[in-house]
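The exercises that follow are meant to be worked through with the sequence and the coordinates open side by side. Each one sets a task and then goes through a solution step by step.

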Amino acid sequence: MNNFYSLLPALFLGVGGMALLLLGVLAKKTDTTAGITSGAIVLLIMATAVNWVVPDALLFGGLLKTSLFTRYTDTLVYLGAIVALILSLDYNKREQIARFEYPILVLFAVLGMIVMISAADMMSLYIGFELQSLALYICAALARDSVRSTEAGLKYFVLGALASGLLLYGISLVYGFAGTTNFAALANVFQQGAGAGTIAGAVFVLVGLAFKISAAPFHMWAPDVYEGAPTSVTALFATAPKAAAMALLLSVMAGPFGHLTGQWEMLIQILAVLSMIIGALAAIGQSNIKRLLAYSSIGHMGYALMGLATGSVAGIQASLIYIAIYVVMSFGAFACVIAMRRNGQAVERISDLAGLAAEHPGFAFAFAVFMWSMAGIPPLAGFFSKLYVFYTAFNAGYDTLTIIAIITSVISAFYYLRVIKVMYFDKGTPGFDRASAGVSLVMALGAFAVIFFVAIPGPLMAMAGAAAKALMG
Amino acid sequence: MNQLGFPILSLITYLPLLGAFVVATLRGDDEKVAGKARCVAFVFSLVVLVLGVYVWTQFNPAMAGYQFVEVMPWLSGINVEYRMGVDGISLFLIMLTLVLTPIAILAGHGIKTRVRSFFAAMLLLEAMTIGMFAATDFVLFYVFFEAVLLPMYLIIGVWGGEKRVYAAVKFFVFTLAGSLFMLLAVVWIWRHLGTTDIAVMTHSAIPANAQMWLFLAFLAAFGVKAAVWPLHTWLPDAYGEAPVPGTIMLAAVLSKMGAYGFLRFALPMLPQASITFEPLMFVLGVVAVIYISYVALAQTDMKRMIAYSSVAHMGVIIIGLFTFTVEGIEGALFQMLSHGIVIAGLFICAGIITARGETLSLKNLGGLAVNMPVFATALMFFTLANMGLPGTSGFIGEILVIVGALKVNFWVSLLGGAGMVLGVTYSLMLVRAVLFDKYTRPELAQLKDLTRREYAMLLPLAVLVMWLGVYPSSFTHAFDAPITAMVQAHIAALNPHTALAMVTAK
């Protein structure tokens with residue numbers, strides 16, 4: 001199975017990233033940011049395409065494993081990164097933070113995500129995890145002259161380092177008690193059950209990953225980092241790393257710890273319930289749209305975790321569908337936030353949107369579509385992602401969990417509705433600047449996908465189902 | 001495929017959607033676009049009306065099951081199919097929607113701001129409502145049921161009156177909360193039966209103890225939509241604040257969605273629970289009829305008074321549904337149609353007054369009959385129909401419900417019938433305050449009588465009221481088959497032995 005062709009997408013990103021870096025350094029005099037960003041986008045698109053033709057493989061003595069599951073989640077990561085780069089093109093220039101390093105950092109972060117998603121060993125998992133984290137810390141502090149951005153970068157770094165530490169500690173415990181770091185070997189060992197030490201290790205691993213997906217109660221960094229980081233970077237944070245960390249969580253929980261479902265199931269449920277409740281309640285009082293979206297993403301992670309909580313193929317499938325639709329809604333919503341500029345200044349308060357529907361009907365409509373979809377109102381895509389999760393959770397007998405999820409989704413509908421209310425009902429003149437073509441395109445494509453998912457839901461569902469099967473074997 | 005070999009129901013459902021898209025993408029200066037948007041929307045709504053009439057002519061009233069059935073794979077992974085179909089129950093509710101949408105669009109003449117969006121929203125609303133009545137898969141039904149909220153929320157919130165934002169949010173949150181409980185119930189039934197095909201769900205047995213919970217969940221969803229007392233509090237606000245076309249659609253069509261839900265799901269799927277909760281529903285219905293009639297009597301605003309009268313009539317419909325007799329249910333269904341048409345007429349009359357720059361406060365109105373004789377006749381006519389005068393459509397529905405209730409419980413019948421008397425009281429008060437009292441202000445003498453557009457709105461409604469009232473069997477003969485089948489199935493579910501005897505006796 002040593003088929004190195006499977007590494008092609010990762011090689012593209014790594015080698016291409018280095019080449020772009022060289023280019024950027026050598027052409028110091030001229031502004032190469034736009035060119036390098038486009039180059040990075042092209043690399044990502046190529047990686048996405050190649051990703052679907054390379055064969056499955058188990059590489060480097062069981063360090064990396066690619067399958068339909070990794071391909072599915074890789075695609076989501078690529079998608080998130082491509083869109084985030086498109087959004088950054090114009091935004092970073094206007095904010096005067098257009099540095100050529102940014103797209104390269106994104107490429108390396110994506111490379112890290114790809115490695116951690118494909119990891120079949122705790123060691124490769126950790127390497128990928130750190131690669132993406134380090135690249136993202138720098139991204140958060142990209143606007144280095146802005147206090148908020150540097151604060152966000154520092155906060156992200158400190159808490160991220162804590163999470164990495166917990167993860168590494170968990171890995172060491174697991175290794176100490178099980179004697180191996182290989183996923184398949186671990187799964188074999190755990191077939192006979194596990195002792196308290198291993199369980200403790202697994203819990204630490206889970207906590208480390210929960211930090212990354214910002215599931216409550218490990219969510220504290222998210223609102224501050226979302227708010228402080230430049231919006232183009234926030235758009236990246238909300239999509240690609242979330243999808244990658246969620247994929248990692250799925251593959252670790254279903255892979256090496258797959259036989260310990262009885263032990264971790266309860267923990268995942270607690271994470272899910274807390275995330276949904278905090279996502280629903282804490283967002284109500286927010287007046288900053290980026291903070292609102294941060295809490296909303298915490299809530300969404302809760303719903304996505306519900307699928308995993310069932311520990312079945314159907315549950316993983318539901319989670320995968322949820323993540324895919326979440327990524328699309330999320331980048332759409334952030335495209336709208338990026339388009340909120342007045343007289344060359346980015347504005348972020350929800351009240352700044354007042355009267356938008358009269359001034360920019362298309363913009364307001366797209367934003368409303370994303371908000372409604374996040375609230376889970378049919379016939380938009382967000383409803384179906386919730387429906388699948390609720391259906392599988394309820395089918396697996398998690399009645400209380402489902403009822404809590406339904407109640408929190410009513411509560412959260414309230415604050416999504418408020419955004420729409422401000423845009424459509426309140427009087428005001430937002431006087432927003434013209435959005436760039438890239439931003440409008442992302443908005444339009446996102447809204448199109450969210451609206452018309454109802455017509456052809458089949459392909460995504462089938463793909464997610466096959467990916468879940470590939471993961472669970 | 002179906003007897004036409006053509007997905008006619010999907011066409012009727014999605015054609016307004018196309019219309020909404022066309023309207024939304026019209027370009028040009030505001031004044032011209034407004035006119036064009038109105039025209040395009042009206043033409044689209046007429047075309048679907050014609051298609052609807054064609055479906056009615058091809059409909060076979062002797063059949064109890066679904067006709068014009070369409071089945072397509074949809075959510076393949078979880079075994080949900082795209083299913084559409086109509087039977088005698090849903091056919092006329094679809095027709096009601098089809099008839100009222102063009103009239104509501106005509107009534108939208110007074111909309112001056114963001115005209116394109118308004119007519120796009122109206123067409124969207126029509127599409128979702130028709131889809132909801134035509135869906136025969138529960139998930140599909142749910143999708144349409146909830147999707148109706150989106151355009152309605154905007155219609156109330158953007159083009160409504162003073163307290164529009166409050167009304168819109170209240171409307172949305174009430175309905176959403178209710179329908180999520182229904183979603184839970186649906187998922188439970190789905191888990192239990194493994195299907196969401198409504199025809200199959202209707203004929204499958206559900207354990208009696210679970211039925212109670214499911215019924216409460218349905219009550220939360222459909223009760224809010226149908227504005228069953230005490231879940232009606234969103235209604236006066238929404239009706240009062242919505243622009244006239246929105247009020248017409250809300251009162252005439254959307255409130256029927258709740259009653260339709262009871263008729264389609266709660267009654268046939270949960271027979272034991274329906275019997276258990278029958279007294280409760282009777283009490284709610286009777287309270288609605290009597291208490292809300294008194295509340296209507298105390299209103300000082302014409303629109304709100306009509307809104308409360310609508311809640312009272314919904315009480316009659318609920319009583320009729322829960323009699324489980326052919327007469328009662330047919331009466332309820334008939335009342336749904338009749339009430340839809342009559343209430344639309346009344347709200348149009350209210351809209352005619354506002355279009356002339358007057359408020360609807362009863363204190364500020366009076367004596368309009370002198371200068372506006374045709375308007376006065378129309379308002380009088382619809383008011384009489386609303387109180388159930390024989391010869392109008394209102395009478396047939398109420399009398400059938402009362403007869404059905406009499407078979408079950410004398411007191412329910414008596415108290416429910418009392419609503420007719422109370423209805424007379426507030427209706428006459430309304431007519432007196434608007435038409436016959438002396439002018440409160442001299443400006444009222446300047447008001448002009450109906451325009452041609454207003455004739456075009458009111459005449460078809462008046463004709464329908466008379467048609468329903470004088471020759472009801474052109475409608476009821478299509479109800480007979482599905483409702484008789486439903487009542488028989490209900491009796492069979494409650495008492496297997498009797499049912500067997502009935503079959504052998506045949």
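**Exercise 1. Cis peptide bonds in chain A**

In which loop of chain A does P379(A) lie? Locate this residue, describe the peptide bond that leads into it, and then do likewise for P217(A).

*Solution.* Bear in mind from the outset that this is a predicted model, so every value below is computed from predicted coordinates. Step one is the location: P379(A) is found in the loop that runs between helix 15 and helix 16 of chain A. Step two is the bond, and the peptide link from P378(A) to P379(A) turns out to be cis, with omega near 5°. Step three turns to P217(A), which sits in the loop between helix 8 (196–212) and helix 9 (221–228) of chain A. There the bond joining A216(A) and P217(A) is a cis peptide bond, and its omega is about 5°.

**Exercise 2. The overall build of the two chains**

Describe each chain by its secondary structure, its dimensions and its burial, and decide whether its radius of gyration agrees with that of a compact globule.

*Solution.* Begin with chain A, whose secondary structure comes to 19 helices and four strands. Its C-alpha trace spans about 65 × 60 × 40 Å along the principal axes. A compact globule of 473 residues would have a radius of gyration near 23 Å, and the 21 Å of chain A agrees with this. Buried residues account for 62% of the 473 residues in chain A, and of the contacts between residues at least 6 apart in sequence, 81% join residues at least 24 apart.

Continue with chain B, which has 22 helices and two strands. Its C-alpha atoms fill a box of roughly 70 × 55 × 40 Å along the principal axes. For 506 residues a compact globule would have a radius of gyration near 23 Å, and chain B, with 22 Å, agrees as well. In chain B, 60% of the 506 residues are buried, and residues 24 or more positions apart provide 79% of the contacts with a separation of 6 or more.

**Exercise 3. The contact between the chains**

Determine how many residues each chain brings to the contact, and which helix of chain A gives the most to its side.

*Solution.* First count the residues: 28 come from chain A and 30 from chain B. Next assign the side of chain A to its helices, where helix 15 (361–375), helix 16 (381–395), helix 17 (399–424) and helix 19 (458–472) each supply at least two residues. Helix 17 of chain A gives the most, with ten residues. Finally sort the residues on this side by class, which yields 22 nonpolar, five polar and one charged.

**Exercise 4. Helix 3 of chain B and its partner**

Examine the length and burial of helix 3 of chain B, and then its packing against helix 15 of chain B.

*Solution.* Start with the length: helix 3 (residues 88–107) of chain B has 20 residues and reaches 29 Å from its first C-alpha to its last, close to the 28 Å expected. Then consider burial, where 20 of the 20 residues of helix 3 of chain B are buried, so this helix is largely enclosed by the rest of the structure. The axes of helix 3 and helix 15 of chain B come within 10 Å and cross at roughly 5°, which makes the two helices roughly parallel. Among the residues that meet are I89(B), F92(B) and L96(B) from helix 3, and L333(B), L337(B) and G340(B) from helix 15. By class, this contact has ten nonpolar, two polar and no charged residues.

**Exercise 5. A second helix pair in chain B**

Work out how helix 2 and helix 4 of chain B are arranged, and which classes of residue make up their contact.

*Solution.* Helix 2 (residues 30–58) and helix 4 (residues 115–134) of chain B pack at an angle of about 10°, with their axes 8 Å apart, and that angle makes them roughly parallel. The residues that meet include V33(B), R38(B) and F44(B) in helix 2, and R116(B), F119(B) and E126(B) in helix 4. The contact divides into nine nonpolar, one polar and three charged residues.

**Exercise 6. Positive phi values in chain B**

Find where R114(B) and F324(B) lie, and establish whether each is buried or exposed.

*Solution.* R114(B), a residue other than glycine, has a positive phi, near 45°, and its place is in the loop between helix 3 and helix 4 of chain B. It has 20 C-beta neighbours inside 10 Å, so R114(B) counts as buried. F324(B) also has a positive phi, near 55°, and lies in the loop between helix 14 (302–321) and helix 15 (326–355) of chain B. With 20 other C-beta atoms within 10 Å, F324(B) is buried.

Conventions. Residues are numbered from 1 along each chain as its sequence is written. Chains are lettered from A and ligands numbered from 1 in the order in which they are written. This is a predicted model: local features need pLDDT of at least 70, side-chain atom pairs count only at pLDDT 80 or more; totals for chains, interfaces and linings use all residues. Two residues are in contact if their C-beta atoms, placed from the backbone, lie within 7 Å. Ala, Val, Leu, Ile, Met, Phe, Trp, Tyr, Cys and Pro count as nonpolar, Asp, Glu, Lys and Arg as charged, and the others, Gly among them, as polar. The radius of gyration is taken over C-alpha atoms; the globule rule is 2.2 Å times the number of residues to the power 0.38. A residue is buried if 20 or more other C-beta atoms lie within 10 Å of its own, exposed if 12 or fewer, and partly exposed in between; C-beta atoms are placed from the backbone. The expected span of a helix is 1.5 Å times one less than its number of residues. Axes are lines fitted to C-alpha atoms, for helices over the stretch in contact, and angles run from 0 to 180 degrees between N-to-C directions. Angles under 35 degrees count as roughly parallel, over 145 as roughly antiparallel, 65 to 115 as roughly perpendicular and the rest as oblique.
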